[in-house]
Amino acid sequence: MASLLMFRHMTCILQQHLFVPRCRYIGQAAARINVDFEYESPLMKTEVPGPKSRELIKQLNTIQNADAVNFFCNYEKSRGNYLVDVDGNRMLDLYSQISSIPIGYNHPALIKILQQPNNLSSFINRPALGILPPENFTATLEESLLNIGPKGLKQVMTMSCGSCSNENAFKLIFMWYRKKERGHSSVTKEELDSCMINKFPGCPDYSILSFMGGFHGRTMGCLATTHSKAIHKLDIPTFDWPIAPFPKLKYPLDQFEKENQVEETHCLEQVEDLIVKYRKKKTTVVGIIVEPIQSEGGDNHASDDFFRKLRDIARKHGCAFLVDEVQTGGGATGKFWAHEHWGMDDPADVVTFSKKMMTGGFFHKDELRPDAPYRIFNTWLGEPSKNILLAEVLNVIKQEGLLHNAVCAGKVLLDGLQDLQTRYPHLLSRVRGRGTFCSFDTPDDATRSKLILQTRNKGVVIGGSGDKSIRFRPTLIFKEYHAHLFLNIFNDVLAEFK
């Protein structure tokens, strides 16, 4: 294994330095890796959205608000890293359905899984998993999710999306904490009666501490911990739960080590102060939720040491530590779970997931397991077919070394963005990233929107994050070749930008 990793590392270096230069400003291009099901390059026929997309948006808008729709897609013709729209425009997709496509569009391995007769039942029928699971459900969980479970977490519940994963994880934490408080005592009649009218003690005054800039979903409980954009929360009643500041780091990191350490120390102090403050208000903080990288709130990073100390604070105050890996999980940072970068033996009590994982859900420690039926429950609790697809995605990741690929391709992407930052400092700042999970800041939202639109019309899909950031969420089969291809196109956009 060590020799294989060394070979891959040397291959990565050779591809970066020995191939004949052909790029206009990066200086080299990675070797083209033949992928039978993928296109060679972008091909643009109209602006985006084109006339067909605009007409379809108009039609959709008569039956629902379609203001967020960018364009309509032809998913049958989309391949690998390339998304094709209904006007025939073929675009290199570095956004991948908001970080949700693990191994590209129409991957042959997944098509093959769909064609296997023994899998048809799972795709045709959608059972109520909590009461009537299929015969092979345990086996498919073992082949998929339990194969890649975070360290120390051997229990798993599947869900349908990221929001319901976090929502039910909150419920799990509340139940666990109340059980600890109750000890060996039985549930009282007063608790049973009062919970039916939303009153104490049946509905205890518990809270989840979250961070400014965090995004954990749009359901009612999750919205109390979501603080990325006002449009998510406007007009919606919510809970008085504590909100701590998240570190605002300065870049490059190696030039601002002292300042960043002071900033992180301040934020950690605020976390402890809020836990004490809310305890005095008789609103106990029973859990802390955090993203390894704040993905919707601006791709905000913190050091590994920050998260290690935050974990210690949770442990000190008896809070469950919930790591939201809905967007960061699945390999894009170069490790399957982003929290693995922290290097901890006991990193979390609960880890939520969705997006690249094909299904939603959460892993948790044994002690948080519900002690009665229907406590964590909904009709579907995910979908068995998604676990079958995930098992094959995991096979592809392993066979093709895609975690290592994310490191190599991510280095090319990040280095290229830093080079562009040097060339166009009036347009790019604070370039940052881990694996292919990269981003940078623009001067303002208007500039950001214009850059995204002009880049799309050149054949590349990228996305926004926070108030003025641009983020990159390519698939795991995004190679160094694709990174150089993007960087050349983006260089043209920046050079022509007015």
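**Exercise 1.** In this predicted model, find the bridge partner of threonine 352 in S9, then describe how the two strands are connected.

*Solution.* Step 1: threonine 352 is bridged to phenylalanine 362 in S9. Step 2: strand S8 covers residues 350–353, and four bridges join S8 to S9 in an antiparallel arrangement. Step 3: six residues lie between S8 and S9, which form a hairpin. In its turn, lysine 355 has a positive phi of about 45°.

**Exercise 2.** Identify the strand that five bridges join to S9, and give the partner of glutamine 155.

*Solution.* Step 1: the strand is S3, residues 155–159, which runs antiparallel to S9. Step 2: glutamine 155 has histidine 364 as its bridge partner in S9.

**Exercise 3.** Sort the residues of S9 by the way they point, and decide whether they are buried or exposed.

*Solution.* Step 1: in a regular strand, side chains alternate between the two faces of the sheet. Step 2: Gly360, Phe362 and His364 point one way, while Gly361 and Phe363 point the other way. Step 3: buried requires under 20% relative accessible area. Five of the five residues in S9 (residues 360–364) are buried.

**Exercise 4.** Describe the largest nonpolar core and the contacts of isoleucine 288.

*Solution.* Step 1: the largest nonpolar core has 77 residues, and Phe211 and Ile288 have the most contacts inside it. Step 2: helix H7 (residues 162–182) supplies the largest share of this core, nine residues. Step 3: leaving out residues up to four places away in sequence, isoleucine 288 touches residues including Phe211, Val271, Leu310 and Phe321. Step 4: a second, separate core has 32 residues, among them Tyr82, Val412, Ile452 and Leu494.

Note on methods
Residues numbered from 1 in each chain as written. Predicted model: local features only at pLDDT ≥ 70, side-chain atom pairs only at ≥ 80, totals over all residues. Heavy atoms only, no water. Buried < 20%, exposed > 50% of the residue type's maximum accessible area, 1.4 Å probe, protein only. Pairing = 2+ DSSP bridges. Core = buried A, V, L, I, M, F, W, Y, C linked by side-chain atoms within 4.5 Å. Contact = heavy atoms within 4.5 Å.
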